[in-house]
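Okay, thanks for squeezing me in, everyone. I've got a pocket and a pair of helices to show you, so let me put the structure up.

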Amino acid sequence: MVYIKHCETYERDTVLEAVRQIFDACGALEGIAGLTVAVKPNLVSKKKPECAATTHPSIVWAVCRLCREAGARVIIAESPGGFYDAGVLRAAYKTCGIEEAARDSGAELNFDTSETQVENPDGKYLKKLNILTPLAKADRVINLAKLKTHGMMAYTGAVKNMFGAIAGLEKAEYHLQLSDYDEFADCIIDIFLAVKPTFHLIDAVVGMHKDGPTAGEPYPLGTILGGSDAFELDLAGARLIKADYRRIPVLRRAAERGLVKTEPDAISFSGDEMIVAENFVIKYNDSLKRLHFADGILGRLLSGAIRPRPVFDRKLCRGCGECVKCCPAKVIRLVPPPEGQKPNGRGYAEVDLSGCIRCYCCQELCPFRAVRIKRPLLNRLVIRR
């Protein structure tokens, strides 16, 4: 069952009442007294709440408070993109508003950066993997996702949020080893199955459309989705933004693996009526699968001319090197500015497209929104045709 709750604001009392109704209707807190509960928000990078890139602290606060009132020990755990150490966590917690949410709700913040190996017999590719220790050791994991578009996976919600259970730069290894979008989607599903979260909320009070998951624009959706089945919640999230689940790799692969039923009446809904968003822009990445290029030099030239690619805006680039550190394929470097152009003191990012795997981690993790995904003119003309 998917529970829909209208919530137009992040005002704490309003959010608390909305989350309480969802928890009560779904029995989310039954038997939780005396247990250790790990709360896993989306803190993809150090972003302020108003950017709509991370789970809003009001939702984190409300969930933690209700779990504490029910008698649980609560620990907030997440691995943002990039390095995974106490300093990075402290900065993310503070900037994203989670430090205050934890303090006011009585929850703990995780600074244990160790990993624990878990068995995953239901995985397609990952039968055994390392995840964050607090998630592995918790009695229950509550998943607090953010509804956003995603440069590589088109949409990110409840299932994709569990990619944050992988520590720091180890995420880059998964991108590199499974660069095919469907294979990577199966990898995300495998990670989700390994973590086994027991309940899920999707923060869609304000989502993000266009160039998500960090460089897009906030989009008010006025909704919180809740339930015990993350795949059903993501299907509901796709309906909320009028997205075709067949063009979202995680949902398509989940359906093919028999993890979710996609018939229109397969999911039961409760709570408020869903209000479908108008003009929510989602950028799919599956269009090129319909095109077949010739082998040899001509095929490579056509492929290079038509594939979307990351483009670095030198007016916004600060030469921080975050994209260099996080690039799975190691094809980004910092170069000096052209002669006559005012330097920023560190140089500018430049990508070797011949080795780029189009994971768009550079766009996702750029703190200055200096990376955009460009669809060449030939791409737009061919896909439209």
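One bit of bookkeeping before the pocket: I'm counting Ala, Val, Leu, Ile, Met, Phe, Trp, Tyr, Cys and Pro as nonpolar, Asp, Glu, Lys and Arg as charged, and everything else, Gly included, as polar. And keep in mind that this is a predicted model.

So, the second largest pocket. Its volume is about 400 Å³. How many residues line the second largest pocket? There are 16, and the ones nearest its centre are Ser45, Lys46, Gly81, Val88 and Glu322. By class, the lining splits into nine nonpolar, three polar and four charged residues.

Where does that lining come from? Two helices, α3 (86–95) and α11 (322–326), each put in at least two residues. The largest share is from α3, with three residues.

Now over to the helix pair. Helix α2, residues 57–69, and helix α4, residues 98–105, have axes that come within 9 Å and cross at roughly 25°. Anything under 35 degrees counts as roughly parallel, so α2 is roughly parallel to α4. As for handedness, the crossing of α2 past α4 is right-handed.

Which residues make the contact? From α2 you have Pro57, Val60, Trp61, Cys64, Arg65 and Arg68, and α4 brings Ile98, Ala101, Asp104 and Ser105. Sorted by class, the contact between α2 and α4 has six nonpolar residues, one polar and three charged.

That's my bit, happy to go back to either part.

Key:
Residues are numbered from 1 along each chain as its sequence is written. This is a predicted model: local features need pLDDT of at least 70, side-chain atom pairs count only at pLDDT 80 or more; totals for chains, interfaces and linings use all residues. Side-chain values use heavy atoms; hydrogens and water are left out. On a 1 Å grid over the protein atoms alone, a cavity is a set of points where a 1.4 Å probe fits but cannot get out, and a pocket is an open set with protein on both sides within 12 Å along at least five of seven lines; lining residues have an atom within 4 Å of a point. Grid points are joined across faces, edges and corners, and a volume is the space filled by probe spheres set on the points. Helices (H or I, at least four residues) and strands (E, at least two) are DSSP runs, numbered from the N terminus. Axes are lines fitted to C-alpha atoms, for helices over the stretch in contact, and angles run from 0 to 180 degrees between N-to-C directions. Angles under 35 degrees count as roughly parallel, over 145 as roughly antiparallel, 65 to 115 as roughly perpendicular and the rest as oblique. A crossing is left-handed if the near helix is turned anticlockwise from the far one by less than a right angle, and right-handed if clockwise. Contact means heavy atoms within 4.5 Å.
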